[in-house]
Amino acid sequence: MSKNSIDWLCKSTWIRSAKNTAWCLFGCSIGDFGTIYFFQLSKVTFPVIGIMILAIINGLITSIILETLVLLKQKIVFKEALKTALGMSFISMISMEIAMNLTDYALTGGAILTWWVVPIMLAVGFVTPWPYNYWRLKKHNQACH
């Protein structure tokens, strides 16, 4: 194996990256699903694409907040915690959010939460950034948690 190649068969790295991805998914889902659910309940007239963009933005915000809080709990100073939450997982969060919302759009026409679409959105949202999180952890030993 060359010095630039990655060992994609490391079980402990897959497990750790899965935990990191799950935290990110939890944070993203709060803002994303909360936004979609608000528009579903309130019946506010707004374009589907607008709702989905707001859901993505709110998902990113709640994920950054959650990850920053987790890092603060680990006794990391606020500036470093925020920098870590933004820097190490932003690509993950964006890919996760886009994947979840594209799944929602493909299965329901967009901005609709139902009992059967949520688990599919979560599964797709988890699987999409997981290999990147593994790579980032393996290559740079960087994780957000």
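Helices here are DSSP runs of type H or I with at least four residues, numbered from the N terminus. With that in hand, welcome to a quick tour of this predicted model. One residue to start with is Ile 65, which lies in helix H2. From there the tour covers a nonpolar surface patch, the largest nonpolar core, helix H4 and two loop residues.

**The nonpolar surface patch**

- Ile 65 is partly exposed, because its relative accessibility of 48% falls between the 20% and 50% limits.
- Ile 65 belongs to a nonpolar patch on the surface, together with Ile 49, Ile 53, Ile 57, Ile 61, Leu 69, Leu 72 and Phe 78.
- Taken together, the residues of this patch have about 740 Å² of accessible area.
- Helix H2 is the main contributor to the patch, giving seven residues.

**The largest nonpolar core**

- Turning inward, the largest nonpolar core has 22 residues.
- Met 93, Met 96, Met 100 and Met 121 are the residues with the most contacts inside this core.
- Helices H1 (11-42), H2 (48-73), H3 (78-108) and H4 each give two or more residues to the core.
- The largest share comes from H1, with seven residues.
- For a closer look at one core residue, take Met 96: beyond its neighbours within four places in sequence, Met 96 is in contact with Thr 21, Cys 24, Leu 25, Cys 28, Gly 125 and Pro 129.

**The buried side of helix H4**

- Helix H4 spans residues 117-127, and its buried residues are Val 117, Met 121, Gly 125 and Phe 126.
- These buried residues lie on the same side of H4, because they cover an arc of only 165 degrees around the axis.
- Two names here link back to the core: Met 121 is among the residues with the most contacts inside it, and Gly 125 is one of the contacts of Met 96.

**Two loop residues with positive phi**

- Lys 75 sits in the loop between H2 and H3, and has a positive phi of about 70 degrees although it is not a glycine.
- Lys 75 is exposed, because its relative accessibility is 75% and the cut-off for exposed is over 50%.
- Ala 111 is found in the loop between H3 and H4, and also has a positive phi, of about 60 degrees, without being a glycine.
- Ala 111 is buried, since its relative accessible area is 10% and buried means under 20%.

Conventions: Residues numbered from 1 in each chain as written. Predicted model: local features only at pLDDT ≥ 70, side-chain atom pairs only at ≥ 80, totals over all residues. Heavy atoms only, no water. Buried < 20%, exposed > 50% of the residue type's maximum accessible area, 1.4 Å probe, protein only. Arc of directions from axis to C-beta. Core = buried A, V, L, I, M, F, W, Y, C linked by side-chain atoms within 4.5 Å. Contact = heavy atoms within 4.5 Å. Patch = residues over 30% accessible without salt bridge, like charges linked within 9 Å, V, L, I, M, F, W, Y side chains within 5 Å. Areas by Shrake-Rupley, 256 points an atom, 1.4 Å probe, with all protein chains shown as cover. Salt bridge = Lys/Arg side-chain N within 4 Å of Asp/Glu carboxyl O.
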